[in-house]
Amino acid sequence: VSAAQKVSSGLFALVFPDTCRICDSPLSEVSRVPVCRRCLSEPEPLSAEYLCINCHAPFVTPHPLDAEGRCGLCRRGLTGFDSAYAFGIYDGTLRRLIQLFKYGNVPTLAGPLSLLLSLAAPRERAFDAIVPMPMHWRRRWQRGFNQSELLARGLGRRMNLPVESLVRRRKSTPPQAGLTGAQRRTNVSGAFAVRRAEAVGGKRILLIDDVLTTGATAGACASVLKRAGAAHVAVLTVARADRRSSDADAAQMSFQKSATPSGSVRDAKSGSTT
Ligand SMILES: [Zn+2]
Ligand SMILES: [Zn+2]
């Protein structure tokens, strides 16, 4: 090992951890992302026996779906958005990657995660703009970045679409964890406002967020865009909560953030998915 190599690996060790923050295996390549290749390629696309034709919610049986293939929320027009897409289920390595991205202060993960977004983006429909889910300024200030904005920018580059922050967050809503879908919809109503209605009218919008839980927050945001005249609002997230079993739901509700001093995020905790 040459002196130069020693110096560069020494510098590398200063800036980057020498092990993957997900699986702890040694990192061999110089990368801005402290996660190994295997962990980055591990998340699998969502698959289910039955999916709602609009919101793509997965179901174990066909019973929640009507003759047209819509789930109860979509049938009753309660979602607020026209359609929703997600790469995978919010579980396992995908969940840990998203938690590391948001709570472990690893904004560079926006690159690999926006690749997953591009894989899940609807092909059958054209869009005029990508809009990130806005974050209240106070929370953004605490975290240092809006994860949805970073994801939206990464996706904008991949899809060659403009990223427009057309919505702002008016109020900081209480955490959604532990609330039912209906309570969540009440909790976030009035949380969003359109910045310039004239920039929204007639547009086909792809609204970006990291995780779709009940869809209440994304729905509230989509609603203000639709009221301002958006022609179509599709929600696209990296992951969505799996509500196929009540166990998964309970785990989802109770998970909380836990970051070790090195910043790695341990499994099964994390505060507010919205
Ligand atoms: Zn790994
Ligand atoms: Zn649906």
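## A zinc site, a buried strand and a ring pair

Among contacts in the chain between residues at least 6 apart in sequence, 69% join residues at least 24 apart. Keep in mind as you look around that this is a predicted model. The chain has 274 residues, and buried ones make up 50% of them. Its secondary structure comprises 10 helices and 8 strands.

### The zinc site

Let's begin with the metal. Four cysteines, Cys20, Cys23, Cys36 and Cys39, serve as the protein donors of the zinc ion (ligand 1), each through its SG atom, and they lie 2.3 Å from the ion. Along the chain these donors follow the spacing C-x2-C-x12-C-x2-C. Two of them, Cys20 and Cys39, are 19 residues apart and link distant parts of the chain: Cys20 sits in the loop between helix H1 (3–15) and helix H2 (37–41), while Cys39 belongs to helix H2 itself. Both Cys20 and Cys39 are buried.

The geometry is worth a look too. The 4 donor atoms around the zinc ion subtend angles of 105 to 116°, so the arrangement is tetrahedral. For reference, the ideal angle for four tetrahedral donors is 109.5 degrees.

### Strand E3 and its partner

Next comes strand E3, which spans residues 83–89 and is mostly covered, with 7 of its 7 residues buried. E3 pairs with strand E8 (residues 232–240) in the parallel sense, over 6 bridges. If you want a spot to check on screen, Ala84 stands opposite Val235 in E8.

### Rings and a charge

The structure holds 1 aromatic pair. Its members are Phe101 and Phe145, which are tilted relative to each other, with 5.9 Å from centre to centre and 35° between the planes. Phe101 lies in helix H4 (residues 92–103) and Phe145 in the loop between helix H6 (137–143) and helix H7 (147–159), so the pair ties together parts that are 44 residues apart in sequence.

How covered are the two rings' residues? The table gives their values.

| Residue | Relative accessibility | Class |
|---|---|---|
| Phe101 | 0% | buried |
| Phe145 | 8% | buried |

Both values fall under the 20% limit that defines a buried residue. Another ring takes part in a charge contact: Arg95 lies over the face of Tyr90, at 5.9 Å from the ring centre.

Notes:
Residues numbered from 1 in each chain as written. Chains lettered and ligands numbered in written order. Predicted model: local features only at pLDDT ≥ 70, side-chain atom pairs only at ≥ 80, totals over all residues. Heavy atoms only, no water. Buried < 20%, exposed > 50% of the residue type's maximum accessible area, 1.4 Å probe, protein only. Helix = DSSP H or I, 4+ residues; strand = E, 2+ residues; numbered from the N terminus. Pairing = 2+ DSSP bridges. Phe/Tyr/Trp six-rings, centres within 6.5 Å; stacked < 30°, edge-to-face > 60°. Lys NZ or Arg CZ within 6 Å of the ring centre and 35° of its normal. Donors = N, O, S within 2.8 Å, 3.2 Å for Na, K, Ca; no water. Tetrahedral: all angles 85-135°; square planar, octahedral: opposite > 155°, others 65-115°. Contact = heavy atoms within 4.5 Å.
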